[in-house]
Amino acid sequence: MKISNRTSSRGGRRTSAAVALGAVLALTATACGDDGSGAGGDKGADGSGKGKIVFWDNNGGVRTEIWKEVIADFEKANPDIKVEYVGIASTEYQSKVDTALQGGGLPDVGGVGAAMLAGFAAQGALEPLDERLGSSSLNGKLNKDMVESLKAAGGGDDKLYSIPTSANNGVLYYRTDLFKKAGLEEPTTWERFYRAAEKLTNSGKNEFGYTIRGGAGSIAQALDAMYGQSGITSFWDSSGEKTTVNDPKNVAALEKYAALYKKVTPAADLNNDFTKMVAQWDSGTIGMLNHNLGSYQDHVKALGVEKFRGIPQPVGSSGKRVQVSNPVDGLGLFKSGKNKDAAWKFIEFATSKAENSKFNEAAGQVPSNTDAAKDAWISKAEPTKLAADALSDGSTTIVQLPYYLPDWNTISKADNEPNFQKVLLGKMSAKEFLDTMADQLNAAQEEWNQQNG
């Protein structure tokens with residue numbers, strides 16, 4: 001796999017380390033720890049290593065069942081520790097943590113992926129985990145690229161604030177039965193993708209070639225489609241100060257991609273997040289879906305393995321595949337927790353070989369535990385195997401998204417998701433949308449460089 005580069009002094013060095021990940025391949029306030037009074041910046045306490053801890057799942061609903069299995073295994077092995085599970089939808093997680101940072105009520109341990117890590121770390125919410133990992137049985141058992149990616153995403157202090165659980169990767173799912181019936185070739189190139197999207201559409205019969213993500217989480221998918229078509233291989237220009245998102249090639253790519261809406265997609269796509277989009281595709285009348293490895297099991301349950309495939313993203317006109325990075329997910333220890341030793345035991349257990357393998361088999365993702373990554377189920381889950389192969393055979397270049405920017409998650413979600421809907425509706429041009437995002441990114445990058453240069 002080829003790795004994109006950016007050359008912004010310290011930022012360039014740190015981001016290059018994070019890019020290595022690509023080669024491996026996303027409530028209510030409740031009492032926490034002993035008294036639930038912790039807020040951002042509270043030093044907390046190690047505690048007795050026993051008693052109750054609170055765990056916030058950053059993908060509640062989708063992963064609730066498998067996390068409850070892991071928790072049951074943990075409580076059986078550690079009868080003196082009780083884990084209170086709180087599932088929070090991925091679209092609500094950041095706001096819940098931010099609210100608790102201001103008012104108290106943070107958990108002891110929670111999901112902390114790369115996309116949100118910088119913002120939480122910048123507010124002093126997370127405990128550095130380097131020393132705990134160094135003296136743990138996990139030391140040397142975690143994928144080095146995932147660890148380095150989370151270190152880079154944490155900001156400029158070279159500390160590890162989250163223990164990786166898994167890595168994800170973008171996948172193009174397509175209906176093999178519908179493609180065969182229509183005499184279409186596998187959508188391994190963007191040209192074939194667009195041809196198939198048009199040919200498989202018969203809106204009068206409620207049949208569509210593609211489902212586009214217009215609701216929560218839409219920006220990452222749009223960026224993937226943009227860079228995949230344009231072939232631009234770096235998120236920043238050679239100066240490391242200006243983003244390439246509004247490069248004319250990316251503007252043209254987004255114009256073509258956004259034009260799919262309502263032409264070859266359902267109108268409901270405008271507001272669909274990934275759960276609605278996946279459910280809609282699984283209903284059986286849509287030809288293609290871009291998502292990640294995490295929805296593979298949903299498709300198996302809905303369609304069976306005979307009616308669909310999950311393949312790496314299409315290649316561009318050059319014959320090379322370019323895609324944006326997918327963030328590593330992980331578990332963080334909140335600094336305000338009053339029972340950190342017990343919470344750390346939970347993190348160690350959840351990322352042990354057996355539990356990490358069990359979790360990722362259910363989630364359809366790549367395990368962080370290197371022993372778990374050798375388990376047989378990975379070769380049997382075709383999309384996971386194909387994604388891993390594509391990312392290691394030199395055919396793919398990863399454009400590393402700037403997870404290290406504290407404002408990244410806000411810019412890529414709250415600030416611009418409504419604008420992307422305007423693009424789909426024809427109320428804003430692709431150029432205006434990308435210029436707006438570029439201005440925000442360039443300002444955030446300048447601020448970060450000043451603080452970390």
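Contact here means heavy atoms within 4.5 Å. The model is predicted. This briefing covers two open sheets, the helices that pack on them, a buried helix, one loop residue and a pocket. One sheet has four strands, in the order β7-β8-β6-β9, and the other has six, in the order β3-β2-β4-β11-β5-β12.

**Four-stranded sheet**

- The pairing in the sheet β7-β8-β6-β9 is mixed.
- Its edges are β7 (208-211) and β9 (308-311); each has a single partner strand, so one side of each has no neighbour in the sheet.
- From one strand to the next, the twist averages 20 degrees.
- Five bridges join β6 (residues 170-175) to β8 (residues 286-292), and the two strands pair in the antiparallel sense.
- Within this pairing, Leu172 has Asn290 of β8 as its bridge partner.
- Helix α16 (residues 382-390) lies across β6 and β9, and its direction is at about 25 degrees to β9.

**Six-stranded sheet**

- Pairing is also mixed in the open sheet β3-β2-β4-β11-β5-β12.
- The edge positions belong to β3 (81-87) and β12 (366-367); because each has a single partner strand, one side of each is left without a neighbour in the sheet.
- Strands β2 (residues 51-57) and β4 (residues 109-111) pair in the parallel sense over two bridges.
- Opposite Trp56 stands Gly110 in β4.
- Helix α2 lies across β2, β3 and β11 (329-333), at about 175 degrees to β3.
- Helix α14 also packs on the sheet, where it touches β5 (163-167) and β12 and makes about 35 degrees with the direction of β5.

**Helix α4**

- Of the nine residues of α4 (residues 114-122), eight are buried, so the helix is largely enclosed by the rest of the structure.
- The buried residues are Ala114, Ala115, Met116, Leu117, Ala118, Gly119, Phe120 and Ala121.
- The elements covering them include α3 (93-103), α6 (144-153) and α17 (408-412).
- Gly124, which follows α4, has a positive phi, near 70 degrees.

**Ser295**

- Ser295 is in the loop between β8 and α12.
- Its relative accessibility is 2%, so Ser295 counts as buried, the cut-off being under 20%.
- Leaving aside residues up to four places away in sequence, Ser295 touches Tyr173 and Val278.
- Trp236 is 59 residues from Ser295 along the chain, and the C-alpha atoms of the two are separated by 31 Å.

**Second largest pocket**

- The space in the second largest pocket is about 320 Å³.
- Helices α2 (64-77), α12 (296-303) and α14 (353-363) are the elements that give two or more residues to its lining.
- The lining of this pocket has six charged, three polar and three nonpolar residues.
- Its lining residues include Arg63, Glu65, Glu69, Asp298, Lys301 and Lys358.
- Gly61, Val62, Ile66, Gly294, Gln297 and Ala362 are also among the residues that line the second largest pocket.
- Two of the helices that contribute to this lining, α2 and α14, also pack on the six-stranded sheet, α2 across β2, β3 and β11 and α14 against β5 and β12.

Conventions. Residues numbered from 1 in each chain as written. Predicted model: local features only at pLDDT ≥ 70, side-chain atom pairs only at ≥ 80, totals over all residues. Heavy atoms only, no water. 1 Å grid on protein atoms, 1.4 Å probe; cavity = no way out; pocket = protein on both sides within 12 Å on 5 of 7 lines; lining within 4 Å. Points joined across faces, edges and corners; volume = space filled by probe spheres on them. Nonpolar A, V, L, I, M, F, W, Y, C, P; charged D, E, K, R; others polar. Pairing = 2+ DSSP bridges. Axes fitted to C-alpha atoms, helices over the stretch in contact; angles between N-to-C directions. Buried < 20%, exposed > 50% of the residue type's maximum accessible area, 1.4 Å probe, protein only.
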